[in-house]
Amino acid sequence: MKEFKEIIWKENEYDYPAAYGFTPNIHAYLHEGDAERDCLIVVPGGAYCMCVPPEASIPAIDFYKRGMNVFVLTYTTDITCTFLLKKQPMNDLARAVRFVRKREDDYKIRGKKLLVCGFSAGAHVCGSLAVHYKEIEDINPEYKDISCKPNGAILSYPVITAGDHS
């Protein structure tokens, strides 16, 4: 297994007031060899306050063992609940999809499906992207022509409303 982490936003692209040095990233679990495989991006829950580890590595390893190349997205959250996140988590997932698609040869996923799988708040992010992908423009021109539309979405106990926090 090839395992590594990639920062998905460049230095001057990401700006969230409560980031405190954090930048969204993906953690890869890739198969060795040249076989091209379907791909899954796992988006853990955590009430938009954190990304809960059991909803990240456990499903990632399970889908990896089933033959997929897998990434776990650590997206923007705010444990202090100081600033509204608004569309930032969805923008993070859209960038992650584009980031992975741009590197489809390196990640051995060319021509294969790219799915998203989220839990709780992460499922809300996945569902939002699956519905609103056409509305999300990337600020970096190198991603302008790369689709952020997933080929499918697995929503595990999704948040379906943000109530007063939207």
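These are my notebook entries on a predicted model, covering its core, a helix, cysteines, a pocket, backbone angles and a few distances.

**Entry 1. Nonpolar core**

I began with the largest nonpolar core, which holds 37 residues. I noted the members that touch the most other members: I41, F71, L73, L93, V100 and L129. I then looked up which elements contribute to this core. At least two residues each come from β2, β3, β4 (69-74), α2, β5 (114-119) and α3 (121-132). I recorded α2 as the source of the largest share, at seven residues.

**Entry 2. Helix α2**

Given that share, I turned to α2 itself. I found that the helix runs over residues 88-102, 15 residues in total. From its first C-alpha to its last I read 21 Å, close to the 21 Å expected at 1.5 Å a residue. I also looked up its burial: 13 of the 15 residues in α2 are buried, and I describe the helix as mostly covered.

**Entry 3. Cysteines**

How many disulfides does the structure hold? I found zero. I went on to ask why C39 and C49 form none. A disulfide is a covalent bond between the sulfur atoms of two cysteines. For C39, the closest cysteine sulfur is that of C117, and I read a separation of 12 Å, which is too far for a bond. I noted as well that C39 is buried, its relative accessible area being 0%. For C49, the closest cysteine sulfur belongs to C81, at 3.6 Å. I record that C49 and C81 are therefore unbonded, since 3.6 Å is too far for a bond and the criterion is a pair of sulfur atoms within 2.5 Å.

**Entry 4. Second largest pocket**

I next looked up the second largest pocket and noted a volume of about 170 Å³. Its lining comprises 13 residues, and I listed those closest to the centre as W9, Q88, N91, E137 and I139. I sorted the lining by residue class and obtained five nonpolar, two polar and six charged residues.

**Entry 5. Positive phi angles**

I then searched for positive phi values outside glycine. Most residues other than glycine have a negative phi. I found A47 with a phi near 60°. I placed A47 in the loop between β3 and α1 (57-65). At 58% relative accessibility, A47 counts as exposed. I also found S120, which is not a glycine, with a positive phi of about 55°. I placed S120 in the loop between β5 and α3.

**Entry 6. Selected positions and distances**

Starting from S120, I looked up its distance to N25. The two residues are 95 apart in sequence, and I read 19 Å between their C-alpha atoms. N25 lies in strand β2. Is N25 buried or exposed? I read a relative accessibility of 7%, and N25 therefore counts as buried, the limit being under 20%.

I then took G33, found in the loop between β2 (25-30) and β3 (39-43). Its relative accessibility is 48%, and I entered G33 as partly exposed. G33 and M1 are 32 residues apart in sequence, and I read a C-alpha to C-alpha distance of 9.7 Å.

Finally, I looked up K10. I placed K10 in the loop between β1 (2-7) and β2. With a relative accessible area of 46%, K10 is partly exposed. I recorded 25 Å between the C-alpha atoms of K10 and H124, which are 114 residues apart in sequence.

Terms used:
Residues numbered from 1 in each chain as written. Predicted model: local features only at pLDDT ≥ 70, side-chain atom pairs only at ≥ 80, totals over all residues. Heavy atoms only, no water. Helix = DSSP H or I, 4+ residues; strand = E, 2+ residues; numbered from the N terminus. Expected span 1.5 Å × (residues − 1). Buried < 20%, exposed > 50% of the residue type's maximum accessible area, 1.4 Å probe, protein only. 1 Å grid on protein atoms, 1.4 Å probe; cavity = no way out; pocket = protein on both sides within 12 Å on 5 of 7 lines; lining within 4 Å. Points joined across faces, edges and corners; volume = space filled by probe spheres on them. Nonpolar A, V, L, I, M, F, W, Y, C, P; charged D, E, K, R; others polar. Core = buried A, V, L, I, M, F, W, Y, C linked by side-chain atoms within 4.5 Å.
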